[in-house]
Structures are given as C-alpha cells and as structure tokens.
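Me: I would like a close look at one part of this model, set against the chain as a whole. Please take me through it slowly, with the strand pairings spelled out.

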Amino acid sequence: MLVMNLEPTVVCSLPYGVGRRLIPGGPEDAVVDISKFPRLPRDIVQNTIIGSVISINTEEKVATIKTQASEYMHVSYDNVILATGAVPWIPPIEGVLMSCDHRIDNEGFSGEVVCVGNQFVPKASLAKGIYVMRTANDARALDKFAQEAQSAIIIGSGAIGLEVAEALADRGLTVTIVEALPHLTPALDKDMAKLLEKRIEERGIKVITEKQATSYHNGSLTLNDGTTLEASGVVFATGVRPDTRLAAKIGIKVEKGIVVNKYMQTNIPNIYAIGDATQIENTVSRKTYLPLIGTLAMRQALIAALNIAGKPTEHPPATSWGVSTIFDLHWGSVGLTEELAASLGMKATAIVMPVRTREPAMPEGKSGQWKIIFSTELTDSIKKGQILGFQIILDGESPLSTVERFLDMIVRHETIPELIGHFHIHSPSHNPPDDLYMGIMFRYGIN
Ligand SMILES: Cc1cc2nc3c(=O)[nH]c(=O)nc-3n(C[C@H](O)[C@H](O)[C@H](O)COP(=O)(O)OP(=O)(O)OC[C@H]3O[C@@H](n4cnc5c(N)ncnc54)[C@H](O)[C@@H]3O)c2cc1C
C-alpha cells in the first residue's frame, strides 16, 4: 500500500516547467498520473491512500492515517518504508513569515511545510513575496509569479537556485543571485565556479557573493552589509531539511537524517527508511551525509524492497554528485571539492586541465575545464593518489557520461595511476584524440 499526501511529481523538472523553454507546457507537465505510469504496478491506484501517516504503533504494527477527508484509518502492516523526504529550509530571517500563529498541530503531517531555522511551519505562513522550489505547488506559484513580476532575488546558488535563476531570466525577469559563500555553488571550487559566474553575469544576472540576507520586508531584502535590494519576490534556495518528524515521533533514531543500516533498516524492526529523509555514509570522507539525490533515493527504494522480499541487498558505497546547466554552460561535480576536503582536514590537491570537445581543426568544438581532486597522503581509509572528487565545466555539451565515469572511479576508491585501466575511445565526430586520462596520469607523475 502507498500512502501519499502530495501529488506525485518529477520534482527535478519543475524549474524547467517554470522556465517553459524546455517544458513549454509548464509545471503541470511534471505532475505524474500514477494510473498511467508504465513502471508502476497496475493495481497501484486501488492500493493508494491519499492522506498522511500521523503515527505508527510499532508494537502492534498498525499505522494511523488521516485521509484527505480528515477521516482516520488504521492499517496493519508487515513492513513500512518511510520515504518522507525533505522540505525547503529557510534561514530564520526577520520578515520571512507572516505575523500569525505558525504552529503545526501534532497531527500536522498533511499540508505543505517548510523549515524556518529549526521550526517546521505551514508553507502558507510564508510572507507575501517569499517563494521556495520543492513541489508542484511551489512551481505553480513561481510560474504565476513569473507571469506578473519584473524582478526576483534568488538566495542560494546550488543547482536549484541556479536553475530557478535561469528559469526566471528566461521568463524575462531581472534576476539577482545572493550567495553566502565567496563563490557560486558549494558543489564547485572557486576556480571552477568563476567560469559559471562569468557566463551568468554575461547573461545579465547580477551575482552577489559573501553576503547574507538579514531581513525582508514587503519586497525589500536587507543584506548583512546593510545593502537593501528591491524585487517583486525572493526565492529561497537555501537547502532542505529532512522531514524526520514522523520518524522521531515513533522513536526512530535520527541524527542529520533518519539513521539506517546498509539494508536501509531503521532501529525499529520492520521499518525501513529511504531517500532525502535518510543519512548514509559518504564513502570518500567516511562521514555521514544527506545525499539528497533523486536517483539514489530510487536505488535505496529498490534495496529496501529487495530486503523486504527476503533477498538481502546492501547499499553500495556512495558519494554526492550533481550535474546541471545554466545558459548552456554545463557543470558537474562528484565526490569532494578541494575546499570540502581541506575543511575535513584531508590533505589533497588538484589537477586542472582545459578540455576541448573536438579536435582543433573542427570549429564546432566547445571548450571546458576538468578538475581532478586527489589525496596527497596515505591514511587508514584513503590511498595516496586516490581520486576524491571531480568537477567539470563544458560549454554547450553534456558532461554526464564523464561525470558518471568519475563517479564510478571515486566510489571504488581508485587512484590516479589506476586510470591506466580506463580506456579512451576516440571518434573524430565525437571528441578529440587526446586521451585525457593519460593527461592526468602524466601531470600526476605516474612513475
Ligand atoms: C527543484 C529540484 C530539482 C532536483 N533535481 C534533481 C536532479 O536533477 N537529479 C536528482 O537526482 N535529484 C534531483 N532533485 C532531488 C530529488 O528530487 C530528491 O532527491 C527526491 O525527490 C527525494 O525523494 P524522496 O521520495 O526521498 O522525497 P520527496 O520527493 O521529498 O517525497 C517525500 C514525500 O513524502 C510526503 N510525506 C512526508 N511525510 C508524510 C507522511 N507522514 N504521510 C504521507 N506522506 C508524507 C511528502 O509530502 C512528500 O511528498 C531535485 C530536487 C528539487 C527540489
């Protein structure tokens, strides 16, 4: 049985629905009709309850569901998979909430929520002009906003902030990005992020870095240096908070997210957890982290299902990854950035290489840059020369297959000398003859 309290949506496509360039039909086209979705079981509709699980009696193995019609249902279970996801997180800045009672009642797992500071509040209590991007309703609100507004400020420049910035620029709005870090997006190091920043500024978006919003009032956003920015609306793309409220209520162990073992089991028998609500170990840093990646959530769903079906299956080693595009400049990042490795006290350095997508004689070739971060020390868990992270910027071409290749190397703890086993396929109509893996090995000094 499936219990859901929001319409199923291809969340990743929502910014493109708002931008309407790639999804001309708008956000509505990202909403999934489960009765027609080919990979789902045919009886999914009969076995779906629209409502919220408000509590679980883990002794009796009974879940209580509050339906859309505010009726209570008690459903007994053999196993539960918690996939409660994450909700937008907004820094607790003066003026982002309307002045009213923001408390959510104890049964309040229904309705859309955001987390402001440490408090989950109904999304409806956000002040006028404040937006987030997580659900179909968020995208609908931004789509309407794009139709009526002249300008927007995006706070936060991770993939979602940048995708929303491009979407609103595509819709003709004047856009400003405010980022607390010294450069755009935490997934890239400063040297790589600068290439993105240049493209974004060339396309007319103003980028303000190393500044934080401190208050909002009626279209005016004040930053920590006292600057005030005026805009028709402000989009907070400042991250998410795992929705662990139900898990915590029923006694499941929660740290950054729900704690699970390699079989996706929680500390309570027959209760599994997957997706954005859960934390796992980053195989590179060996620290627990929140992956917040849709395709990994799907893998975790398969792992939980196989274990429930009596086919013991372990979560494979994983790390973070992300690939996105802004104004036809594609970027990807996998594993640790050089900045993150340094902040974790790891000794690492990087090789940065310019790349070209065709041989020099072909004018259609596009330019880009690779950055390979590797360990310069041997520790209990890291090999010397081990590839810790990879970043790529590529103009006008998808870097996805290269990023996936490095993802495989990174989760398998491969070193730069082991690139000898990764072959380069050349075909003039696809790529240049240079074997970039050899280039990395030479720069590293493989002898
Ligand atoms: C704009 C955007 C773009 C993204 N792009 C990408 C991308 O390109 N690639 C990628 O891999 N990932 C991407 N992601 C991340 C991806 O969407 C998430 O990792 C994925 O949605 C996580 O799935 P989930 O099922 O864990 O959680 P969610 O998608 O958050 O779903 C959890 C659901 O559980 C419901 N729920 C919570 N509590 C209860 C309860 N008590 N009872 C009933 N229902 C409950 C929630 O209302 C929600 O509908 C993107 C995310 C966003 C917001």
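How many helices and strands are there in the protein chain? And once that is clear, which strands form the open sheet that contains β14, and in what order?

Reply: Bearing in mind that this is a predicted model, the protein chain holds 9 helices and 26 strands. The part you ask about is an open sheet of 3 strands, arranged in the order β13-β14-β15 with antiparallel pairing. β13 (213–217) and β15 (228–230) are the edge strands, and because each has a single partner strand, one side of each is left without a neighbour in the sheet. On average, and with direction ignored, neighbouring strands of this sheet are turned by 20° against each other.

Within the sheet, the pairing of β13 with β14 (residues 220–223) can be followed bridge by bridge: the two strands run antiparallel and are joined by 4 bridges, and among the residues involved, His-217 has Ser-220 in β14 as its bridge partner.

Another antiparallel pairing can be set beside this one. Strand β3 (residues 62–67) is joined to β4 by 5 bridges, again with the strands running antiparallel, and Ile-65 has Met-73 of β4 as its bridge partner. The hairpin of β3 and β4 has 4 residues between the strands, and in this hairpin Ser-70 takes a positive phi near 60°. Of the 5 residues in β4 (residues 72–76), the number buried is 0, so this strand lies largely in the open.

As for the wider setting, the protein chain is divided into domain 1, which is made up of 2–84 + 241–308, and domain 2, which covers 322–444. The C-alpha centres of these domains are 33 Å apart, and the contact between them involves 4 residues of domain 1 and 7 residues of domain 2. On the domain 1 side, the residues that touch domain 2 divide into 1 nonpolar, 2 polar and 1 charged.

Finally, for the chain as a whole, the C-alpha trace spans about 70 × 55 × 45 Å along its principal axes. The radius of gyration of the protein chain is 23 Å, which agrees with the value near 22 Å that a compact globule of 447 residues would have. Buried residues account for 39% of the 447 residues, and of the contacts between residues at least 6 apart in sequence, 62% join residues at least 24 apart.

Definitions and conventions
Residues numbered from 1 in each chain as written. Predicted model: local features only at pLDDT ≥ 70, side-chain atom pairs only at ≥ 80, totals over all residues. Domains from an automatic or database assignment. Contact = placed C-beta atoms within 7 Å. Nonpolar A, V, L, I, M, F, W, Y, C, P; charged D, E, K, R; others polar. Pairing = 2+ DSSP bridges. Axes fitted to C-alpha atoms, helices over the stretch in contact; angles between N-to-C directions. Rg over C-alpha atoms; globule rule 2.2 N^0.38 Å. Buried ≥ 20, exposed ≤ 12 C-beta atoms within 10 Å, placed from the backbone.
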